[in-house]
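Me: I am new to this structure and would like to learn how to read a few of its features. Where do we begin?

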Amino acid sequence: MAMPQTKDAPETATTEIAVSARNISKNYGDVEALRDLTLEFPRGQLTSLLGPSGCGKTTLLKIIAGLLEPTAGEVEVNGKTVTGPGPDRAFVFQDFALLPWASVLRNVAFGLELRGVAKSEREDKAAKYIADVGLAGFEASFPHELSGGMRQRVGLARALSVDAQVLLMDEPFSAVDEQTRRKFQEDLLALVQNENKTFLFVTHSIEEAVYVSDQIAILLPRPSRVSEIIRPSGFRDKGVDNIRRDPEYLDIVDQIWASLRNYVE
Amino acid sequence: MLTRSLFLKLLSAVIVFGAWQIAGMIPVSYAFPTFMESMDALARMTFDGSLFVAYGETLKPLVVGIAISAVLGISIGLWIGLSQLFDWAFSPIFIVMQAAPLAALIPLLVMAYGIGLTSKVFVVCIMAMPVIVLNTSGAVRNTPESFKEMGASFMADRRQIILKIILPAASPIIFSGLRLGVSAGFIGAILSELKITPTGVGDIITYSRSIADYPSMYAAIFSIIVLAVLFLNLLEMLENYLFEGNNRGYASD
């Protein structure tokens, strides 16, 4: 256990592992969603799970969240085995999962409300995160009054407000429009830099994965497995505006597409 | 916007009452009074107090029956929606209850429970409860999976998921069940007074008809409709107050 991974880039050797999934298998009846999958997520970094649809990336994320039980194998978060949802993890949902009858303020504070935090305290905290995600002034609005992008900001604020060390994001930007998505991706990079949290990010967009990730795990279906781990290193410090022009960015995007194209129906 | 909706409501009232007035003046039937005659009778009964005495009698089975139906109906509906076992055991009862020809069953109720309040409460419940139970159970069963998953991921326990997620999510359909149930309960209350023992508003209707005082009879019917509408509006206000965000306005807004 004390032996760090050595086969990847040297920086991994010094990076602490926040989440590790070991030998995870998951069957739905006869269907094998995941088979003997092992993957580690370094602390303070963003790891993308990327792969064609049906490769089990959302299943893996929900197993790590404790929402699904693996058929075999185990997940450790900060050295503790996962047996169900916990305060160390927070989830951002693809369809936002906001409560339509609750105001933005109550939605953001909902995670704290479930934990029994006093009303004034949780609303103070929620108001802070609402401002952080750029929704100040919308506290009293209801979800149906917001655009798709704003709704996902509410979902993000809700996940941030419970102050979990690990953020699990299930295709969080897939239901918002292209321009909003780009803004989200830039904001996400800043978030990874500023908050000392570990991000697990499921996406089906190759460009998005390369743009935001410190580590990309390519998952392939039938049987589901991690086929490759890619760590972009050269362009992260060059500023958000320059990433998409960087030769390494373009190379990685091409390389991933080359390995995925055979699996896309 | 408010003045426009008020205007449309008044307009629709004027059209209906105008048609009533004209139909009474033709007359369509000698047993059909005009709108103005009915309103005269209503004013008379209101001022001599007989209407209030009648409602004192009618409201007893009505309020008790609707309260029982709402509390029991929502609870049973919640159980049915949460558990398949409960669904198999209890759904058929309410489906049968809803389809049963109630008027034909009243003699049975009278044999079992007599001619007093109990039988009348039963009639109100049989009318009101099935739709409340069936709406509640259907809505609970159809709670979006992602809401429950969200609750679980933020560590809600079973009780919190039911109280803070499932019930509020089901509330629009529960309330539409309550509205239908309350209307049916009003019908049940009057039905029981016509079929079991003539008391309260049912007595005014039966008695006025027997002495051919048709304006009083229609005034009594009119008053019960007004009361039902008022009650439904109150229910709607309660719903808007409790679950404001569920009210998303109209498609044309």
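Reply: We begin with burial, in what is a predicted model. A residue is exposed if 12 or fewer other C-beta atoms lie within 10 Å of its own, and buried if 20 or more do.

Me: Which residues of H8(A) are exposed?

Reply: Pro247(A), Asp254(A), Trp257(A) and Ala258(A) are exposed. On the other side of the helix, the buried residues are Tyr249(A), Ile252(A), Ile256(A) and Leu260(A). The buried residues cover an arc of only 65° around the axis, which puts them on the same side of H8(A).

Me: What do the buried residues of H8(A) pack against?

Reply: Their partners in chain A are strand S3 (46–50), helix H7 (206–212), strand S9 (215–220) and strand S10 (225–230).

Me: How are two packed helices described?

Reply: The description uses the angle between their axes and the distance between the axes. In chain B, helix H2 (residues 35–47) packs with helix H10 (residues 214–242) at an angle of about 75°, and their axes are 8 Å apart. Angles of 65 to 115 degrees count as roughly perpendicular, so H2(B) is roughly perpendicular to H10(B).

Me: Which classes of residue make up the contact of H2(B) with H10(B)?

Reply: There are 7 nonpolar, 3 polar and 2 charged residues. Among them are Leu42(B) and Met45(B) in H2(B), and Tyr218(B) and Phe222(B) in H10(B).

Me: How many residues of chain A are in contact with chain B?

Reply: In chain A, 21 residues are in contact with 16 residues of chain B. Helix H3 (residues 104–114) of chain A gives the most to its side, with 3 residues. By class, that side has 16 nonpolar, 3 polar and 2 charged residues.

Key: Residues are numbered from 1 along each chain as its sequence is written. Chains are lettered from A and ligands numbered from 1 in the order in which they are written. This is a predicted model: local features need pLDDT of at least 70, side-chain atom pairs count only at pLDDT 80 or more; totals for chains, interfaces and linings use all residues. Helices (H or I, at least four residues) and strands (E, at least two) are DSSP runs, numbered from the N terminus. The arc is that of the directions from the helix axis to the C-beta atoms. Two residues are in contact if their C-beta atoms, placed from the backbone, lie within 7 Å. Ala, Val, Leu, Ile, Met, Phe, Trp, Tyr, Cys and Pro count as nonpolar, Asp, Glu, Lys and Arg as charged, and the others, Gly among them, as polar. Axes are lines fitted to C-alpha atoms, for helices over the stretch in contact, and angles run from 0 to 180 degrees between N-to-C directions. Angles under 35 degrees count as roughly parallel, over 145 as roughly antiparallel, 65 to 115 as roughly perpendicular and the rest as oblique.
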